[in-house]
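Me: I would like a close look at one part of this model. Take the second largest cavity, and then go on to the backbone and packing details elsewhere in the chain.

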Amino acid sequence: MARFLSLFRPQPFLGLLGRRNPTFCNMSMDSQARETFRAAVEAVQPDTVVRQSIERNGDSVVIDGCRLTLSHNLHLVGFGKAVLGMAAEVERILGDHLVRGVISVPHGIQQTLQQHGKSHLLLEANSRIKVMEGAKHNLPDDDSLKAAEGIKQLATELTEKDLLLVLISGGGSALLPAPIPPISLQEKLDVTRRLAAAGATIQELNKVRRALSLLKGGGLAHHAHPAQVVSLILSDVIGDPLDLIASGPTVTCKVWPEEVSSILERHKLLSSMPASVTQVLARQGPRWKENDKHSDSPGEALNAVIGSNTVALTCAGQRVRELGFRPVVLSPGVCGNVRLVSRLYGLLARFACSREEPPPEIAAEVLRLGPEVGVESWDLCRTMQVLGEERAEGWGATCVLAGGEPTVELTGKGRGGRNQELALRVGLELRGLELPPQGPVFLSGGTDGQDGPTEAAGAVTDAGLYDEARAQGLDIDSFLSNNDSYTFFSRLSAGERLLAPGLTCTNVMDVHVLLIPAIPIKIS
């Protein structure tokens, strides 16, 4: 392990002390963790990411390094939970060249934003963009189907002189349902549900969804040809794969009916498909014929990820510097069972908080856990190197930042979510360490402001959690076995550990914050 860590050179941190913001000096570590999370969410607000990604210069605009000419030729479509705020900002910047637009957004979102004082994310009364609400309960429905038809109609009418700006965020797949006729929306939903129940992989499910859809897997860009297509994407998927975010409507992905038939046959479903699905799969070749407007194949769209978990963690790191911590980003792709993820964070905390040289078994177990939670060994070595440097210096405070989407094994019927359960389990892992401000603090929160079917986004915890719960007559194990983390944190100390930011208007998965104070070490 020592040979691994010796590959890394210490980065000077003394200069950062002068940057500490006096505003944050007297904050508790709990408050500092919450402030870090707030900075992460603030960095990926829909209007903020759009404003930072569009550079307007007279009658031209630069997006992702590409200069585009504006000549009253701009058209806009969008779909996703954060798209309304993105569209409002686009219209502020480029509205004088905007001809028209159609966006598909969640049911009730306009009223909700108004009620929460988020009017800056709403369109003006004279907007050229038509807002269509649908996908109640985050499921495709007739309203979102009508919105998809409107988006397809707009795209189909474009010419080679037009520019189509596509806005995409999490939830976009449910807001853009467009099954290939004569397949009905319900039939398509039933096929994918049955396939999932049969044990199909996510790759197989995606191939089937695309093969039965007019707009997913590059379908929207195809229908917009020969117009120039540019997509601005707010990612809610680990690794930001363009073909998976909202099922990649502007990412060319050829799927052949023959391939889908073999998937259905493999899961013994082909013979029981609706007649409409059988009819579509009987067609030879790719999903669509070439556009009637032009015989040549459509060009590639420009797809730019303008907001992601990585962006959120980067800005969170800037904030913790102001708080007096040295930031180290572990990974934006943490996944796997929360039991294993909590164990990893507990080990990293013990490694960093050891007053003596930590036993090599800790580093070995950290490296063993890495592949199971989606974290590369290189990232784990780099993180432990930073933690080791700060511990060796005897005064350095450190903040480990990470993100992603761990999973929870459901064994009960309680209320909770992955972030609250992760925080609860990390609290148990920290048991025996010192309490803040001499000991670590951990926060896990969903950037969409919701964690499961609860009003909280997550929770904040530390080494005192177990004793605090026991003193108040709360049995942590029983809450965990019932997946009832929200009830636990609500009852514990009147809910003061819950993280409840309210409506965030964005979603780039989860943010994890592990604050490590300066640990005085024993020098042999």
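Reply: What follows starts with the cavity and then moves along the chain. Keep in mind that this is a predicted model.

Start with the search itself. Rolling a probe the size of a water molecule over the atoms shows where empty space is left. Over the whole structure, 2 cavities of 30 Å³ or more turn up. The second largest cavity holds about 40 Å³ of space.

Now its wall. The lining is made up of Ala352, Leu387, Glu390, Arg391, Gly396, Thr398, Ile516, Pro517 and Ile519. Sorted by class, that gives 5 nonpolar, 2 polar and 2 charged residues. Which helix gives the most to this lining? Helix H15, residues 377-393, does, with 3 residues. Glu390 and Arg391 are among the lining residues, and so is Leu387.

Next, the helix packing. Helix H2 spans residues 29-43, and helix H12 spans residues 309-323. The two pack at an angle of about 140°, and their axes lie 7 Å apart. The cut-off matters here: angles over 145 degrees count as roughly antiparallel. H2 and H12 are therefore oblique to each other. The crossing of H2 past H12 is right-handed.

The record adds an annotation. An unreviewed UniProt entry marks residues 33-281 as "domain: MOFRL-associated". Over residues 33-281, helix makes up 40% of the chain and strand 18%. The end C-alpha atoms of residues 33-281 are 52 Å apart.

Now the backbone. Most residues other than glycine have a negative phi, and most peptide bonds are trans. Three places in this chain deserve a check against that background.

Take aspartate 64. Its phi is positive, near 55°, and the residue is not a glycine. Aspartate 64 sits in the loop between strand E2 (60-63) and strand E3 (66-69).

Then look at the peptide bond from proline 181 to proline 182. That bond is cis, with omega near 10°. Where does proline 182 lie? Proline 182 belongs to the loop that runs between strand E7 (163-168) and helix H7 (185-197).

Further on, the bond from proline 436 to proline 437 is cis, again with omega near 10°. Proline 437 is in the loop between helix H16 (418-429) and strand E12 (441-446).

To return to the cavity you asked about: its space is about 40 Å³, and helix H15 gives the most to its lining.

Technical notes
Residues are numbered from 1 along each chain as its sequence is written. This is a predicted model: local features need pLDDT of at least 70, side-chain atom pairs count only at pLDDT 80 or more; totals for chains, interfaces and linings use all residues. Side-chain values use heavy atoms; hydrogens and water are left out. On a 1 Å grid over the protein atoms alone, a cavity is a set of points where a 1.4 Å probe fits but cannot get out, and a pocket is an open set with protein on both sides within 12 Å along at least five of seven lines; lining residues have an atom within 4 Å of a point. Grid points are joined across faces, edges and corners, and a volume is the space filled by probe spheres set on the points. Helices (H or I, at least four residues) and strands (E, at least two) are DSSP runs, numbered from the N terminus. Ala, Val, Leu, Ile, Met, Phe, Trp, Tyr, Cys and Pro count as nonpolar, Asp, Glu, Lys and Arg as charged, and the others, Gly among them, as polar. UniProt positions are given in the numbering used here, feature names are shortened, and annotations may be inferred rather than shown by experiment. Axes are lines fitted to C-alpha atoms, for helices over the stretch in contact, and angles run from 0 to 180 degrees between N-to-C directions. Angles under 35 degrees count as roughly parallel, over 145 as roughly antiparallel, 65 to 115 as roughly perpendicular and the rest as oblique. A crossing is left-handed if the near helix is turned anticlockwise from the far one by less than a right angle, and right-handed if clockwise.
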